[in-house]
Amino acid sequence: MLDAKLVRSNPEEVAALLLKKGYQFPVAQFTELESQRREMQMATENLQNERNTRSKSIGKAKAAGEDIQPLLAEVADLGSQLDAAKARLNDVTAALDDLLSGVPNIPDSSVPEGADENDNVELRRWGTPAEFDFTPLDHVALGEKSGELDFETAAKLTGSRFSVLTGKLARMHRALIQFMLNTQTEEHGYTETYVPYMVNEDSLRGTGQLPKFGEDLFKVPFGERQYYLIPTAEVPVTNFVRDEIIDPERLPLKFTAHTPCFRSEAGASGKDTRGMIRQHQFEKVEMVQVVEPSRSWEALEEMTGHAEAILQKLNLPYRVVALCGGDLGFSAAKTHDIEVWLPGQNTYREISSVSNMTDFQARRLLARWRNPETGKPELVHTLNGSGLAVGRTLLAIMENYQTAEGRIRVPEALIPYMGGVTEL
RNA sequence: GGAGGGAUGGCUGAGUGGUCGAAAGCACUGGUCUUGAAAACCAGCGGUCCGAGAGGGCCCUAGGGUUCGAAUCCCUAUCCCUCCGCCA
C-alpha cells in the first residue's frame, strides 16, 4: 500500500509516477473521497469529544452525590448522532481503503519506460550458449525419451499443468533443492526456514496478493474460514515480520525457504502449455530480506547476485534484465529478472525474479524497525527473489546438458548430491 | 472431539463500570557522580490518526452488544496454555 499522506499531498505527482506502470490513478475520485473523509472524521471526533466530556462530568456529579438526571437528559440523542456519524465515516474510509489497496507501488526512477516484456532492458549476460553438433531437443522430448518426465500420468492424476518425475530425474529435482538451500545458507548467509504451505487472508493482504489477485490463488475452505495455497514462499516468509517492531541490530533479516508454489494461472490459458515451464504446482527456493530503508537498493543487487551464483555454479548461461514499468509486478518498485538460456527453445526464459518492494508491503504488514536516529518505529523495506525456481532449473539443465543420444549429463556441482551419478 | 484457564505498551505484569492510555519492574534514553565504566541516584520513555499550531480522536487479541460512560460486564471468533480422547 502506498503512503496515504504522500498520495494526499501530491495526488497529481503520484498519478504521473504510476503512469509508468500503465496505471491510471483516479485523482478526482480520490480527492473527493479524501475531502469527505476529512470532513466526517472531524465531525465524528467532535461528537466523541463532547460525549467524553459530558460522560466525565456525569461521573463527577455522581461521585459528588448530585442529581444526574438533568445531565442524562442532555446527552440523550448524542449516542445516535454519534452512531450515524461513525457509520458515514466508516463508509468513506472503506471506499478509500478499497481504492488505495488497489493502487500499485510506485516504480523507482531507474526503472526503464515501457509497456511489456519487449521493453525490458538487458543489464548483462553470463556464459556462452553451448554449440551442439546435433539439433538440441527441448525438455519435453528429452523427458519422453527417458520416460522420466511424464505429463500424461500427471493429467490422469490431476489435470493439465502438472508433472510426474521419476527415477534419476526426480532425484536431480530433489538434488537441486538441496544444492540451492545449501548455497543460500552456507555461502550467502540466509537462515533456512520451514513454513506453512497454506496461509490466511491477512498474510496475502500483507504481501499484496489480496485483494486484487485472488483469482490467481488456490483456495482451501476450512470450516467457516478460507485458507489459500501459497503462490510463493514470499508470502509466509515476509509475513514473519507482520505487526513486528524489529530491533535495529537484528537487521538485515535474511531468510530462505524451499516450498511448493501453487498458481491457478487463471489468465494464462494457452500460454506455455507445453512442458513444465508454467505449472499449477512447482518448487522454488526463495530468498527474503527485511532491511533498513537506506540499504534496500544495495540488497537488491546483492540478492540478484545470490540468484546468479546458482546458475554460475551450474554453468548455465543467463542474462539479467531490468523489468520495464509496464512489466513490473503490483508491489515492486524495481525488479531484476534472470533469464536462463534454453537451447530447446533457442531463447532466454525467466528463472528468477528479484524485487525491491521498498516500504509498500511493510506498510500493509505494519513491519517496522526502531530507527536509532529518531527512536521511532519506522517502516522497513522488504525484498524477495527466487534462488531459484526448481522446475525451470531442472529443465534448463536437461536442455543445456543433453547429449546426442538424448541423455543428460549431471552438472559438476550436482554430482555429490546425486550419489556420484554423472549422467541420466 | 470434550473440560477448564488465559491474551494489557519493546518485554514481564497490576488493574474496583467514572481524572485509566493504563501501576510496578525490566529494557531503553538523558543527567548527577567517576579519569573512564559499572553501581547508585534523578529525570524521561507506547502506538496511531486529524490539525500550521493549540489541541483533539482512536487503540488494552479481533468483531459485535449493554451503558450517559467499558481494559473492566455480555456474545462471537482467533490464538496460546493445562487435562482427557484420537492421531503421522
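**Exercise 1. The RNA surface**

Of the atoms of RNA strand B within 4 Å of the protein, what percentage belongs to sugar or phosphate? Then work out which residues and elements make up the surface.

*Solution.* Before we start: this is a predicted model, where local features need pLDDT of at least 70, side-chain atom pairs count only at pLDDT 80 or more, and totals for chains, interfaces and linings use all residues. Residues are numbered from 1 along each chain as its sequence is written, chains are lettered from A and ligands numbered from 1 in written order, and side-chain values use heavy atoms, with hydrogens and water left out.

Step 1. Sugar or phosphate accounts for 72% of those atoms, and bases for the rest.

Step 2. Count a residue as near the strand if one of its heavy atoms lies within 4 Å of it. That gives 22 residues around RNA strand B, with Arg-8, Arg-38, Gln-41, Gln-48 and Ser-55 the closest.

Step 3. Sort them by type: 12 are charged, six polar and four nonpolar. Here Asp, Glu, Lys and Arg count as charged, Ala, Val, Leu, Ile, Met, Phe, Trp, Tyr, Cys and Pro as nonpolar, and the others, Gly among them, as polar.

Step 4. Look for polar contacts (pairs of N or O atoms within 3.5 Å). Gln-48 puts a polar side-chain atom 2.6 Å from a sugar or linking oxygen of RNA strand B. On the base side, an N or O atom in the side chain of Glu-45 is 3.2 Å from a base nitrogen, and one in the side chain of Lys-62 is 3.2 Å from a base oxygen.

Step 5. Now the elements: helix H1 (4–9), helix H3 (27–63) and strand S14 (368–370) each give two or more residues to this surface. H3 has the largest share, 13 residues. Helices (H or I, at least four residues) and strands (E, at least two) are DSSP runs, numbered from the N terminus.

**Exercise 2. A three-stranded sheet**

Find the strand order of the open sheet that holds S5, S6 and S7, and explain which strands stand at its edges.

*Solution.* Step 1. The order is S5-S7-S6, with antiparallel pairing. S5 (198–199) and S6 (219–222) each have a single partner strand, so they stand at the edges and one side of each lacks a neighbour in the sheet.

Step 2. Two strands pair if DSSP finds at least two bridges between them. S6 and S7 (residues 225–229) have four; in one of them, Val-220 is partnered by Tyr-227 of S7.

**Exercise 3. Backbone oddities**

Locate two cis peptide bonds and a non-glycine residue with positive phi.

*Solution.* Step 1. Leu-210 to Pro-211 is cis, with omega near 5 degrees. Pro-211 sits in the loop between helix H9 (201–207) and S6.

Step 2. Gly-387 and Leu-388 are also joined by a cis bond, omega about 5 degrees, and Leu-388 is in strand S16 (residues 381–389).

Step 3. Arg-161 has phi near 65 degrees; look for Arg-161 in the loop between helix H7 (151–157) and strand S3 (164–165).

**Exercise 4. Confidence check**

Where in chain A is confidence lowest, and where highest?

*Solution.* Step 1. pLDDT is the predictor's confidence in each residue, from 0 to 100. Chain A averages 91, and 100% of the residues score at least 70.

Step 2. Helix H4 (residues 69–74) is lowest, at a mean of 80, while strand S11 (residues 318–322) is highest, at 97.

How values were computed: A polar contact is a pair of N or O atoms within 3.5 Å; within protein, one must be able to donate a hydrogen and the other to accept it, and residues adjacent in sequence count only if both atoms are side-chain atoms.
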